[in-house]
Amino acid sequence: MVHSASRRKQGDCEDNDRDCARIPVTYEGMVLLGIPIGDRPFVAAFLQEKLDKITSEAPRILQLQNVYTIMRLITQCIRHQGIYLLRLIAPDFSSGFAKA
């Protein structure tokens with residue numbers, strides 16, 4: 001799934017290029033397979049949004065009654081979200097996210 005930034009450049013495609021018309025052209029960036037690709041502010045905003053989502057999920061998970069379920073969700077779901085991002089984003093873009 002591809003999500004793109006809001007600013008798009010119009011008229012980048014030739015009239016006879018149907019495939020190009022389906023590709024959004026952006027100046028800031030886009031998200032491809034869950035990884036932000038773009039300029040530093042775009043990647044930073046995406047990572048902050050992900051960090052907010054991960055930290056907001058933790059209290060909800062801790063309210064569950066089954067300790068086994070809590071541990072499975074933390075070790076096999078929550079933990080891997082951050083690791084996936086850190087593996088695929090350049091360290092100079094993701095250093096703030098890694099420290100959090």
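Is Leu33 buried or exposed? In this predicted model, Leu33 is exposed, with a relative accessible area of 61%, and its place is in the loop between β2 and β3. The protein holds 4 helices and 3 strands, and from the N terminus on these elements follow one another in the order β-α-β-β-α-α-α. The points below take up the overall make-up, the hairpin, the nonpolar core, the largest pocket and two further helix residues.

**Overall make-up**

- Of the 100 residues in the protein, 21% are buried.
- When contacts are counted between residues at least 6 apart in sequence, 44% of them join residues at least 24 apart.

**The β2–β3 hairpin**

- Strand β2 covers residues 29–32 and strand β3 covers residues 35–38; the two run antiparallel and are joined by 4 bridges.
- Together β2 and β3 form a hairpin that has 2 residues between its strands, and Leu33 belongs to that turn.
- The phi angle of Leu33 is near 55°, which is a positive value in a residue other than glycine.
- Side chains alternate along β2, in that Gly29 and Val31 point to one face and are buried, whereas Met30 and Leu32 point to the other face and are not buried.
- Across the pairing, Met30 stands opposite Ile37 in β3, while Leu32 stands opposite Ile35 in β3.

**Ile35, a residue of strand β3**

- Ile35 lies in strand β3 and counts as buried because its relative accessibility is 8%, under the limit of 20%.
- Leaving out residues up to four places away in sequence, Ile35 touches Met30, Tyr84, Leu85, Leu88 and Ile89.
- One of these partners, Tyr84, is 49 residues away from Ile35 in sequence, yet the two C-alpha atoms are 8.7 Å apart in space.

**The largest nonpolar core**

- The largest nonpolar core has 10 residues in all, namely Val31, Ile35, Phe42, Val43, Phe46, Leu47, Leu51, Leu85, Ile89 and Phe97.
- Helix α2, which spans residues 40–62, gives the most to this core, with 5 residues.
- Val43, one of the core residues, is in contact with Pro36, Gly38, Ile89 and Phe93 once its neighbours within four places in sequence are left aside.
- Ile89 is likewise a member of the core, and it appears among the residues that Ile35 touches as well as among the contacts of Val43.

**The largest pocket**

- The volume of the largest pocket is about 180 Å³.
- Its lining consists of Leu51, Ile54, Thr55, Ile78, Arg79, Gly82, Ile83, Leu86, Phe97, Ala98 and Ala100.
- Three helices, α2, α3 (67–88) and α4 (91–99), each supply at least two residues of this lining, and the largest share, 5 residues, comes from α3.
- Sorted by class, the lining has 8 nonpolar, 2 polar and 1 charged residues.
- Leu51 and Phe97 line the pocket, and both are also listed in the largest nonpolar core.

**Ser94 in helix α4**

- Ser94 is placed in helix α4 and is buried, with a relative accessible area of 4%.
- Setting aside neighbours within four places in sequence, the contacts of Ser94 are Leu47, Leu86 and Ile89.
- Among these contacts, Leu47 and Ile89 belong to the largest nonpolar core, whereas Leu86 is one of the residues that line the largest pocket.

**Ile74 in helix α3**

- Ile74 lies in helix α3 and counts as partly exposed, since its relative accessibility is 34%, a value in between the limits of 20% and 50%.
- Not counting residues up to four places away in sequence, Ile74 touches Ile61, Leu62 and Arg79, and Arg79 is also found in the lining of the largest pocket.
- Ile74 and Ala58 are 16 residues apart in sequence, and the distance between them in space is 8.2 Å, C-alpha to C-alpha.

Conventions. Residues numbered from 1 in each chain as written. Predicted model: local features only at pLDDT ≥ 70, side-chain atom pairs only at ≥ 80, totals over all residues. Heavy atoms only, no water. Core = buried A, V, L, I, M, F, W, Y, C linked by side-chain atoms within 4.5 Å. Buried < 20%, exposed > 50% of the residue type's maximum accessible area, 1.4 Å probe, protein only. Contact = heavy atoms within 4.5 Å. Pairing = 2+ DSSP bridges. 1 Å grid on protein atoms, 1.4 Å probe; cavity = no way out; pocket = protein on both sides within 12 Å on 5 of 7 lines; lining within 4 Å. Points joined across faces, edges and corners; volume = space filled by probe spheres on them. Nonpolar A, V, L, I, M, F, W, Y, C, P; charged D, E, K, R; others polar.
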